[in-house]
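Hi,

Here is the structure I promised to pass on. Have a look at it first, and then read my notes below.

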Amino acid sequence: DLKAGTYIVEEIKAPDGYILESKSQVVEVENGKVYTLDFYNKPTNSLIIQKYDAETKEPLANAKIKVEKLGNSIQLIDEYRTDATGRIVIPDLKAGSYSVQEVEAPKGYILDNTAKTVVVKQGETQVVELFNKKYDSLTIVKLDAITKEPLADATIKVTTSDDTLIGEYRTDATGTIVVPNLKTGAYKVQEVKAPQGYILDNTVKLVHLKEGDPQIVELFNKKYDSLTIVKLDTVTKQPLADATIKVTTVEDKFVGEYTTDITGTIVVPNLKAGTYKVQEIKAPQGYILDNTVKLVHLKQGEPQKIEIYNSKKTGIQILKRDSKTSKPLQGAKFEVRKVNGEIIGANYISDENGLVTINGLEQGWYTVKETTAPKGYALNNNVQNVEIKSEKYTQVIFENDKLG
């Protein structure tokens with residue numbers, strides 16, 4: 001006795017022991033005809049996985065979830081995708097413990113690959129709820145450089161392009177930091193503390209934010225291996241690239257020569273337990289070589305880290321001028337020695353600005369002596385002692401009297 005027209009038929013309560021069929025059916029009824037609709041129910045003893053937005057609790061489609069049976073050996077059941085209602089229904093599971101883990105997040109959401117354990121019981125349906133945070137203005141994700149596993153407890157500094165501090169943030173269990181409510185513009189992202197057991201990578205990353213266009217920055221860390229060598233500036237503690245380090249056994253068996261990368265780091269993997277010699281054989285440009293041999297004792301399964309420091313090269317600047325007019329004088333020749341008599345150079349000649357600049361000197365005391373006067377001037381026989389004690393040039397002035 002239905003009038004002709006379009007009808008929607010929907011199950012609102014399932015039989016006991018069965019899962020509700022949530023999909024409705026549409027039927028066009030015509031006068032004088034009988035229609036049969038089939039509805040199917042899956043039995044319980046199953047697992048329902050429900051995926052939601054962490055804030056709005058809206059269901060999320062297209063998340064990929066891996067389900068494994070736990071026991072003496074782990075057995076992969078399958079990988080599933082959430083439907084339009086954010087749901088996955090897995091019927092007919094054997095009783096036991098299962099691992100549920102997200103392996104691919106819905107588009108625009110942060111992956112949460114924390115594995116959850118659920119116990120499926122005979123004749124019961126278990127429900128697992130999983131949540132995702134939405135990518136916001138700026139999302140920073142910290143990952144292992146090799147395995148791509150998320151890394152917690154990394155500290156990241158975010159500033160504007162002109163170095164105004166926005167904040168320092170720590171990655172959570174999913175390796176994620178969300179920095180909300182940022183205005184459009186350029187921002188700097190820099191790691192200031194690495195996760196435990198990982199090498200700091202404090203390379204500054206520049207991110208450009210646009211209105212309505214959230215950005216994701218992925219940062220990677222390498223794990224400390226058997227031996228990690230870190231090269232640093234003595235004063236600023238900044239990492240130094242392009243230092244060459246030689247590693248040998250204590251018996252002088254050659255292991256290798258390595259060059260520090262942009263993070264000032266060398267990782268020497270797969271070393272056996274024992275004692276090794278570490279020696280710098282080439283300093284970074286502008287720095288003084290420190291070729292002191294350092295001994296490192298490696299124990300099985302205990303990675304070691306050694307830090308080596310370099311001081312910047314310094315120098316002496318000699319200014320040659322007229323004793324009365326202070327006019328710069330060209331063509332004077334100088335000799336420079338260490339105070340122990342070791343000669344540094346004997347042919348330093350003042351230029352048109354009256355200057356001699358001597359680079360690459362270690363800190364300490366030096367003697368400077370004029371050996372040839374500029375043409376038309378008397379020789380200045382005064383030997384001057386000069387101390388270099390900072391990362392700057394120490395200036396010494398020599399004045400000459402004009403002949404006649």
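Which backbone oxygen lies 2.7 Å from a polar atom of the side chain of T314? The backbone oxygen of L361 does. That makes a polar contact, meaning a pair of N or O atoms within 3.5 Å; within protein, one must be able to donate a hydrogen and the other to accept it, and residues adjacent in sequence count only if both atoms are side-chain atoms.

Before you go further: this is a predicted model, where local features need pLDDT of at least 70 and side-chain atom pairs count only at pLDDT 80 or more, while totals for chains, interfaces and linings use all residues. Residues are numbered from 1 along each chain as its sequence is written, and side-chain values use heavy atoms, with hydrogens and water left out.

Back to T314. You'll find T314 in strand 24 (residues 314-322); helices (H or I, at least four residues) and strands (E, at least two) are DSSP runs, numbered from the N terminus. T314 has 1% relative accessibility and counts as buried (buried is under 20% relative accessible area, exposed over 50%, partly exposed in between, with a 1.4 Å probe and protein chains only).

Strand 24 also belongs to an open sheet of three strands, ordered 27-24-30, with mixed pairing. Two strands pair if DSSP finds at least two bridges between them. Strand 27 (355-361) and strand 30 (393-400) are the edges, each pairing on one side only. Strands 24 and 30 run parallel and are joined by eight bridges, and I316 stands opposite T394 in strand 30.

There is another open sheet, this one with four strands in the order 19-18-21-22 and antiparallel pairing. Its edge strands, each pairing on one side only, are strand 19 (254-259) and strand 22. In the middle, six bridges pair strand 18 with strand 21 in the antiparallel sense, and V247 stands opposite V278 in strand 21.

Now the charged pairs. Side chains of opposite charge can pair when their charged atoms come close. Searching the whole structure gives 20 salt bridges (a side-chain nitrogen of Lys or Arg within 4 Å of a carboxyl oxygen of Asp or Glu). Here are some of them:

- K231 and E280 form a salt bridge, with their closest N and O atoms 2.8 Å apart. K231 is in strand 17 (residues 227-233) and E280 in strand 21 (residues 274-282), so the pair ties together parts that are 49 residues apart in sequence. K231 is buried, at 0% relative accessibility, and E280 is buried too, at 1%.
- K282 meets D242 in a salt bridge of 3.3 Å, N to O. Because K282 is in strand 21 and D242 is in the loop between strand 17 and strand 18 (244-249), this pair links parts 40 residues apart in sequence. K282 is partly exposed at 37%, and D242 is partly exposed at 40%.
- K133 pairs with D172, the closest N and O atoms being 3.7 Å apart. K133 sits in the loop between strand 9 (125-132) and strand 10 (138-144), and D172 in the loop between strand 12 (165-170) and strand 13 (176-179), so parts 39 residues apart in sequence are tied together. D172 is partly exposed, with a relative accessible area of 26%.

Happy browsing!
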